[in-house]
Amino acid sequence: MQLYGVNHITIRNFHLTNYNEGIGTWNSNYLNFENVICAYLGNIYHPGGYNGAGISISNTSYSKVKSAFVYNSSAEGISVTSSEAAPASYNTISHCFVFCDDTTKSGLPVATVASTDYLL
């Protein structure tokens with residue numbers, strides 16, 4: 001679900017599974033995500049390596065993520081980022097959980113085992 005350049009959107013009780021990315025925002029304001037589940041995101045075998053994001057709030061302000069759950073995302077669980085071109089401020093993340101127990105590449109070097117970054 002990509003929300004680019006939109007304002008005043010509320011999404012509740014939504015479940016996203018088996019996509020490259022769960023929720024991605026860019027240059028938006030006043031977005032609310034509540035009780036959202038994002039599971040099995042990205043591709044751990046992707047040639048570029050770092051692939052898959054649960055909830056990515058980028059260059060977005062005045063937004064809230066509440067009671068979200070990200071499960072087995074190949075790269076990022078929940079990220080909040082900003083840039084000089086489009087700063088982000090006054091975002092709230094509360095009562096969220098990020099969990100990864102994917103061992104599909106177990107037995108290989110640690111750098112290649114599926115894992116989820118906890119980036120905030």
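## An all-strand predicted model

From the N terminus on, the elements of the protein run β-β-β-β-β-β-β-β-β-β. The model is predicted. The count is ten strands and zero helices.

**Overall figures**

The protein has 120 residues, and 38% of them are buried. Its accessible surface comes to about 6,900 Å². Carbon and sulfur atoms hold 54% of that surface. Contacts also reach along the chain: among those with a separation of 6 or more, 56% join residues 24 or more positions apart.

**The four-stranded sheet**

Four of the strands form an open sheet. Their order is β1-β3-β5-β8, and the pairing is parallel. Which strands stand at the edges? They are β1, residues 2–4, and β8, residues 76–81. Each has a single partner strand, so one side of each is left without a neighbour in the sheet. From one strand to the next, the twist averages 5°.

Strands of a sheet pair through backbone hydrogen bonds, either parallel or antiparallel. Here, β1 pairs with β3 in the parallel sense. Strand β3 covers residues 21–26, and three bridges link it to β1. At one bridge, Tyr 4 has Trp 26 of β3 as its partner.

**Two loop residues**

Tyr 90 and His 46 both sit in loops, as the table shows.

| Residue | Loop | Relative accessibility |
|---|---|---|
| Tyr 90 | between β8 and β9 (92–94) | 63%, exposed |
| His 46 | between β4 (29–41) and β5 (53–58) | 33%, partly exposed |

Is Tyr 90 buried or exposed? Tyr 90 counts as exposed because its relative accessibility is 63%, and the cut-off for exposed is over 50%. Tyr 90 also belongs to a nonpolar surface patch. Its partners there are Tyr 30 and Tyr 62. Together the three tyrosines make a patch of about 360 Å².

His 46 lies in the loop that joins β4 to β5. With a relative accessible area of 33%, His 46 is partly exposed, since that class falls between 20% and 50%. How far apart in space are His 46 and Ser 74? The C-alpha to C-alpha distance is 9.6 Å. In sequence, His 46 and Ser 74 are 28 residues apart.

How values were computed:
Residues are numbered from 1 along each chain as its sequence is written. This is a predicted model: local features need pLDDT of at least 70, side-chain atom pairs count only at pLDDT 80 or more; totals for chains, interfaces and linings use all residues. Side-chain values use heavy atoms; hydrogens and water are left out. Buried means under 20% relative accessible area, exposed over 50%, partly exposed in between (1.4 Å probe, protein chains only). Contact means heavy atoms within 4.5 Å. Accessible areas come from the Shrake-Rupley method with a 1.4 Å probe; for residues, only the protein chains shown count as cover. Two strands pair if DSSP finds at least two bridges between them. Axes are lines fitted to C-alpha atoms, for helices over the stretch in contact, and angles run from 0 to 180 degrees between N-to-C directions. Patches are made of residues with over 30% relative accessible area and no salt bridge: like charges are joined within 9 Å, nonpolar side chains (Val, Leu, Ile, Met, Phe, Trp, Tyr) within 5 Å. A salt bridge is a side-chain nitrogen of Lys or Arg within 4 Å of a carboxyl oxygen of Asp or Glu.
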